[in-house]
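Please open the model in your viewer and keep the sequence panel beside it, since this tour moves from one selection to the next.

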Amino acid sequence: MGRSRKSNAASGLVALIILCVTSLVLFTVYVKEGDSGPLHTVQLGASEVLRPVRGLFGFAASPFAAASERVEAALDTGEKSELEERALEYEEGAAETARLREENERLRELLDGERRSFTYSPLAQVVAPVGGQLTKRIVINVGSNDGIEPEQPVVAGNNTLIGRTTNRVTPNTAEVLLVTDQNFAAGVRILPPKASQEESNGESTSGESTSRESTSGGTASEKQPDFGADSHGDGLLRTNWEGYLGVDYVDLNAGAEQGDFVVTSGRAGDRELLFPPGLLVGTVESVSSQDINQYKNIVAAPAVKAEDLQEVRVIVDW
């Protein structure tokens, strides 16, 4: 039994050696012979014979490959849709957060700007323009039930005058005539911007003439009127027939300059006017004069744009 196993092992080893030698010889001959050699010819024949078999296997495997591609495409589409939905949710959340932050800032400014000497109406929302002209008149959702009467000042932000109520007041709504309407008028005075901290500390060069833009510590919207300064002119705020908001009847010797603030004067001599004093109306955009004119030509810009109005309050008493 042991001899038989040894004989089989020896025979297998001899066969392996013969196969290796034969393979080496055939490989050597295949490399050295040309493309028309016998081994190349046999290889090409075998390839032609087996081509249908390879095609059959490829055809059988093609449905699986197509199915695999469709599954991958479906997975990619599903993942893409999910990612797009998440991105949309994040964008909507960010937009809502920004809207709430802006709304909170507006409401905080309204509340922080309250004056103790004023009596205000409840917070009012702008519900509609009148006649499709938002830059002229608006409607707010407070009325006579909230103490609203005609000819009362309407403010936004930090006591910024945006108009007055008209005689169209219902129990729950009121019409507001905006400062840009040609029927609006208010007695105003022109004040310089309040000096920045650097200027108050004497860091600016004394006696040096500078423009409002160069002396300001920031943009015009960041500065405030200097209510303790001497007036740079008094006049009547109104919109002319050409559509320009301006201040009329300002004396030629007045010191009004571009960048000054326009605020309500409250009184004209001994006569009390329609609006309380010190309400911001706008800023001076340009100042010009001609020798043939008796007054300066002053163009102003409202402090609040009509299209930005959302929440306002009516000053019912002062």
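Begin by selecting Tyr249, which counts as partly exposed because its relative accessibility is 44%, where buried means under 20% relative accessible area, exposed means over 50%, and partly exposed lies in between (1.4 Å probe, protein chains only). Tyr249 lies in the loop between β9 and β10 (261-264), strands being DSSP runs of E with at least two residues and helices DSSP runs of H or I with at least four, numbered from the N terminus. Its backbone deserves a look, for Tyr249 has a positive phi of about 65° although it is not a glycine. Most residues other than glycine have a negative phi.

Before going further, note that this is a predicted model, in which local features need pLDDT of at least 70 and side-chain atom pairs count only at pLDDT 80 or more, while totals for chains, interfaces and linings use all residues. Residues are numbered from 1 along each chain as its sequence is written, and side-chain values use heavy atoms, with hydrogens and water left out.

Stay in the loop between β9 and β10 and select Asn253, which is found there too. Asn253 counts as exposed, at 73% relative accessibility. Add His232 to the selection: Asn253 and His232 are 21 residues apart in sequence, and their C-alpha atoms are 9.2 Å apart in space.

Move next to Asn159, in the loop between β4 (153-156) and β5 (160-169). Is Asn159 buried or exposed? Asn159 is buried, with a relative accessible area of 4%, and its phi is near 55°, a positive value in a residue other than glycine.

Now turn to the salt bridges, of which the structure holds 5; each is a side-chain nitrogen of Lys or Arg within 4 Å of a carboxyl oxygen of Asp or Glu. Select Asp248 and Arg238, whose salt bridge has its closest N and O atoms 2.6 Å apart. Asp248 lies in strand β9 (residues 245-248) and Arg238 in strand β8 (residues 234-239), so this pair ties together parts that are 10 residues apart in sequence. Asp248 is partly exposed, with a relative accessible area of 25%, and Arg238 is likewise partly exposed, at 34% relative accessibility. Elsewhere, salt bridges that share partners join Arg137, Arg168, Glu175 and Asp181 into one network.

Within that network, select Arg137 and Glu175, whose side chains meet in a salt bridge (3.2 Å, N to O). This pair links distant parts of the chain, with Arg137 in strand β3 (residues 137-140) and Glu175 in strand β6 (residues 174-178), 38 residues apart. Arg137 is partly exposed, with a relative accessible area of 23%, whereas Glu175 counts as buried at 5% relative accessibility. Then add Asp181, which forms a salt bridge with Arg137, the closest N and O atoms being 3.6 Å apart. Here too the pair links distant parts of the chain, as Asp181 sits in the loop between β6 and β7 (185-191) and Arg137 in strand β3, 44 residues apart. Asp181 is buried, with a relative accessible area of 7%.

For the interior, select Phe184, Leu237 and Val262, which touch the most other members of the largest nonpolar core, a set of 24 residues. Such a core is made of buried Ala, Val, Leu, Ile, Met, Phe, Trp, Tyr and Cys residues joined through side-chain atoms within 4.5 Å. Colouring by strand helps at this stop, because β7, β9, β13 (280-288) and β14 (297-302) each supply at least two residues of this core. Which strand gives the most to this core? It is β7, with 3 residues.

Then select Asp317, in strand β15 (residues 311-317), which is partly exposed with a relative accessible area of 44%. Show Ser117 with it, as Asp317 and Ser117 are 200 residues apart in sequence and 8.4 Å apart in space, C-alpha to C-alpha.

Finish at Glu85, whose place is in helix α2 (residues 38-112) and which counts as exposed at 52% relative accessibility. Extending the selection to Glu84, Glu89, Glu91 and Glu92 shows the patch of negative charge that these residues and Glu85 form on the surface. A patch of this kind is made of residues with over 30% relative accessible area and no salt bridge, like charges being joined within 9 Å and nonpolar side chains (Val, Leu, Ile, Met, Phe, Trp, Tyr) within 5 Å. Lys and Arg count as positive and Asp and Glu as negative, with His and the chain ends not counted, and the place of a charge is taken as NZ of Lys, CZ of Arg, CG of Asp or CD of Glu.

Notes
Areas by Shrake-Rupley, 256 points an atom, 1.4 Å probe, with all protein chains shown as cover.
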